[in-house]
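Student: I am new to this structure and would like to start small. Could you pick one part and take a close look at it with me, along with its surroundings?

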Amino acid sequence: IPFETASGPSTLVVNSGTLTSASFAFTLSAVSPAIFTYGSTGQLAAAESTSFSIFSYATPANPGDPVVVYATGLGVTTPPTATPTTGTTAGPSTNPLAVKPTVTIGGIASTVYGALYTGGLYQVSVGIPPTAQGTEPILISSGGTASTPVQLPIAGITRLVSNGGFGSAALAAPGEIATVFANGLGTQDQITGFPATAFLGSEVTFNATPAPLFH
């Protein structure tokens, strides 16, 4: 959408050959934040490390790490970014946003180091809160408008639930079979070996007592 387009009640028309669509009414806002996603379910944030490695459940980010999040709809830049003309590229790749967005990860305010418009998308550099772990929701806000939260995989435990229906989150009893969801535990399955307390270098302790593992 051209940066020069004024905000407010707007219309959209699509021309294709000799055909012209009916006018479609919508509201053009100064900002409309959204985070790019990837994966079959489209729920993981398009975020990568400083070495350009995309984060996943198997290769999560680490608490305290600086990361780059890819977003859209964060508004105008300073200096202004002009809409590219026919035959040109998407434009400058180093224009900072006029107003720096805010980012929360797991409900915790994150340090925003910078935000640039890179021709069609924005790169927002943030620091993961040191206390964050597991898969946490991340959202970006600008101009009082927040994006829909998506998931950012971070090393550590996401949740503990009862093995019976995956209920009773963060509540367990001695002798119960429980399931721990966590990131960064490798990619190889181990489905036999009970009552061993360590599989493939991983173990679980409750108040420092090792627990027998099913898989």
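**A loop and the pocket beside its strands**

Tutor: Let's start at F166, which is found in the loop between β17 and β18. Strands here are DSSP runs of E of at least two residues, numbered from the N terminus. Please keep in mind that this is a predicted model, where local features need pLDDT of at least 70, side-chain atom pairs count only at pLDDT 80 or more, and totals for chains, interfaces and linings use all residues. Residues are numbered from 1 along each chain as its sequence is written, and side-chain values use heavy atoms, with hydrogens and water left out.

F166 has a positive phi, near 55°, even though it is a residue other than glycine. Its relative accessible area is 47%, so F166 counts as partly exposed (buried is under 20%, exposed over 50%, partly exposed in between, with a 1.4 Å probe and protein chains only).

The strands on either side of this loop lead us to the largest pocket (on a 1 Å grid over the protein atoms alone, an open set of points where a 1.4 Å probe fits, with protein on both sides within 12 Å along at least five of seven lines; lining residues have an atom within 4 Å of a point). β17 (156-162), β18 (178-183) and β19 (205-206) each supply at least two residues of its lining. The biggest contribution is from β18, with six residues. In total, 41 residues line the largest pocket, and T179, V180, V204, L213 and H215 lie nearest its centre.

Moving on along the chain, the loop between β18 and β19 holds P195. The peptide bond from F194 to P195 is cis, with omega near 10°. Another cis peptide bond runs from T78 to P79, with omega near 5°; P79 sits in the loop between β9 (66-72) and β10 (95-96).

F166 also has a fellow phenylalanine to look at, F52, in the loop between β8 (47-48) and β9. F52 is not a glycine, yet its phi is positive, about 65°. With a relative accessible area of 66%, F52 is exposed. F24, in strand β4, counts as exposed too, at 51% relative accessibility.

For a contrast, try I35 in strand β5 (residues 34-35). I35 is buried, with a relative accessible area of 10%. I35 and I140 are 105 residues apart in sequence, while their C-alpha atoms are 7.4 Å apart in space.

Technical notes
Helices (H or I, at least four residues) and strands (E, at least two) are DSSP runs, numbered from the N terminus.
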